[in-house]
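Biologist: I should like to take a close look at a single part of this protein, namely its nonpolar interior. Please describe that part and then what lies around it, in terms that a first-year student can follow.

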Amino acid sequence: MEQQTVTVMLTCYNRIKYTVSCVRALAEGNPDISFHFIITDDNSTDGTKEALEKLPYSLTMLSGNGQLFWNGGMEKALDFALTQAEKTDYYLLVNDDVAFLEGAIEALIRRQKGAPKAPSNAQKEKAAKEGKTGGQAVIAGSTSDRNGRTSYGGVKLLSKHFARFALIEPSETYKECDTFNGNCVLIPREVFFRTGNVDSIYRHSMSDYDYGMRIRKLGFMIYNSAEHVGSCNDNDVTGSWRDTTLTRRERLKKKESPKGLPRKDWYHFIRKNYGFFPALYHSITPYIRIILGK
């Protein structure tokens, strides 16, 4: 494969082992790619920043105040890529807890190059009327958990009116995705610059879904990967706001935390992508679940 250039964007906080291993696996496991890493270190205290700076790769290190969480950290990284970094062939969104398989990103690039370039007829007509294009495709890399089940990747919307989603399994067949998890997403340069930065309203979750849905609204396609790109365990329900063994007060507190389902972020996501009445419905239902102990 002709050498491609890829800008990797990730954010990290006190996960030195995961972060360093992730960067090493990408850089050393894909020899046909020239990588540049843009990493937001959110004021780690475990030596993550210092360990990364010692690596023999092309890195740009950005700093946070310890309160950026995923969205804030990625916003800084994407802003630098959009405004200050040299343009590359592809841009890669990454979570540092993904243990990448050898050659995973090279495989994503090959898949992207072979992807159907145009959306379905109905979407193509709509995009043409709005002056949009489906000329480049995004590839959402799927990950597996410790049991080999798909944990993250391309996502299908199950309803036009309610926030219901399903993961799309990796397969050789190109399957259209409506959005994605931000654990591993390969974005061609044209799509990246047309889409812009993540929505600054969010603090942690929902930002990746929102970003993927914006890509689709612009008329670009998102496809699944042919196979798992690496391993990454799904977030455990235990100890979260969905943990029914916790008291109602504990669940409510965790729900409103940045890594839970804070009402402002959740309402914004539903209102923006589904409308006012679905936003009202989805804003109420989590509290009902907590009250009923479900």
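Modeller: In this predicted model, the largest nonpolar core has 36 residues. Those with the most contacts inside this core are Val-8, Leu-26, Phe-37, Leu-92, Phe-100 and Ile-105. The elements that give two or more residues to the core are β1, α1 (16-29), β2 (33-41), β4, α4, β6 (137-144), β11 and β12 (221-231). The largest share, 5 residues, comes from α1. In soluble globular proteins, nonpolar side chains tend to be buried together.

Val-8 is a suitable residue with which to begin. Leaving aside residues up to four places away in sequence, Val-8 touches Leu-26, Phe-35, His-36, Phe-37, Ile-38, Leu-92 and Val-94. Apart from this core there is a second, separate core of 27 residues, which includes Trp-70, Ala-77, Leu-78 and Ala-81.

Let us now turn to strand β4. This strand spans residues 90-94, and 5 of its 5 residues are buried. Both of its faces are covered: Tyr-90, Leu-92 and Val-94 are buried on one side, and Tyr-91 and Leu-93 are buried on the other. Strand β4 pairs with strand β1 (residues 4-12) in the parallel sense, over 4 bridges. In β4, Leu-92 is the residue that stands opposite Val-8; these two residues are both among those with the most contacts in the largest core. Strand β4 is also joined to strand β11 (residues 184-188) by 5 bridges, and these two strands run antiparallel. Here Tyr-90 stands opposite Pro-188 in β11. Strands of a sheet pair through backbone hydrogen bonds, either parallel or antiparallel.

Thr-88 lies in the loop between α3 (69-83) and β4. Is Thr-88 buried or exposed? Thr-88 counts as buried because its relative accessibility is 9%, and the cut-off for a buried residue is under 20% relative accessible area. Not counting residues up to four places away in sequence, Thr-88 touches Thr-5, Val-6, Thr-7 and Arg-189. Its C-alpha atom is separated by 25 Å from that of Tyr-18, and the two residues are 70 residues apart along the chain.

Helix α4 is another contributor to the largest core, giving two or more residues to it. This helix covers residues 104-113 and is mostly covered, with 7 of its 10 residues buried. The buried residues of α4 are Ala-104, Ile-105, Glu-106, Leu-108, Ile-109, Arg-111 and Gln-112. Of these, Ile-105 has already been named among the residues with the most contacts in the core.

Nonpolar residues also appear at the surface. Ile-284, Ile-288, Ile-291 and Leu-292 make a nonpolar surface patch of about 390 Å². Leu-292 belongs to helix α10 (residues 276-292). Leu-292 is classed as exposed because its relative accessible area is 52%, and the cut-off for an exposed residue is over 50%.

Finally, there is an open sheet to consider. It is formed by 3 strands in the order β9-β8-β10, with antiparallel pairing. Because β9 (165-167) and β10 (179-180) stand at the edges and each has a single partner strand, one side of each is left without a neighbour in the sheet. Strand β8 (residues 154-157) is joined to β10 by 2 bridges, and the two run antiparallel. In this pairing, Val-155 stands opposite Thr-179 in β10.

Note on methods:
Residues numbered from 1 in each chain as written. Predicted model: local features only at pLDDT ≥ 70, side-chain atom pairs only at ≥ 80, totals over all residues. Heavy atoms only, no water. Buried < 20%, exposed > 50% of the residue type's maximum accessible area, 1.4 Å probe, protein only. Pairing = 2+ DSSP bridges. Core = buried A, V, L, I, M, F, W, Y, C linked by side-chain atoms within 4.5 Å. Contact = heavy atoms within 4.5 Å. Patch = residues over 30% accessible without salt bridge, like charges linked within 9 Å, V, L, I, M, F, W, Y side chains within 5 Å. Areas by Shrake-Rupley, 256 points an atom, 1.4 Å probe, with all protein chains shown as cover. Salt bridge = Lys/Arg side-chain N within 4 Å of Asp/Glu carboxyl O.
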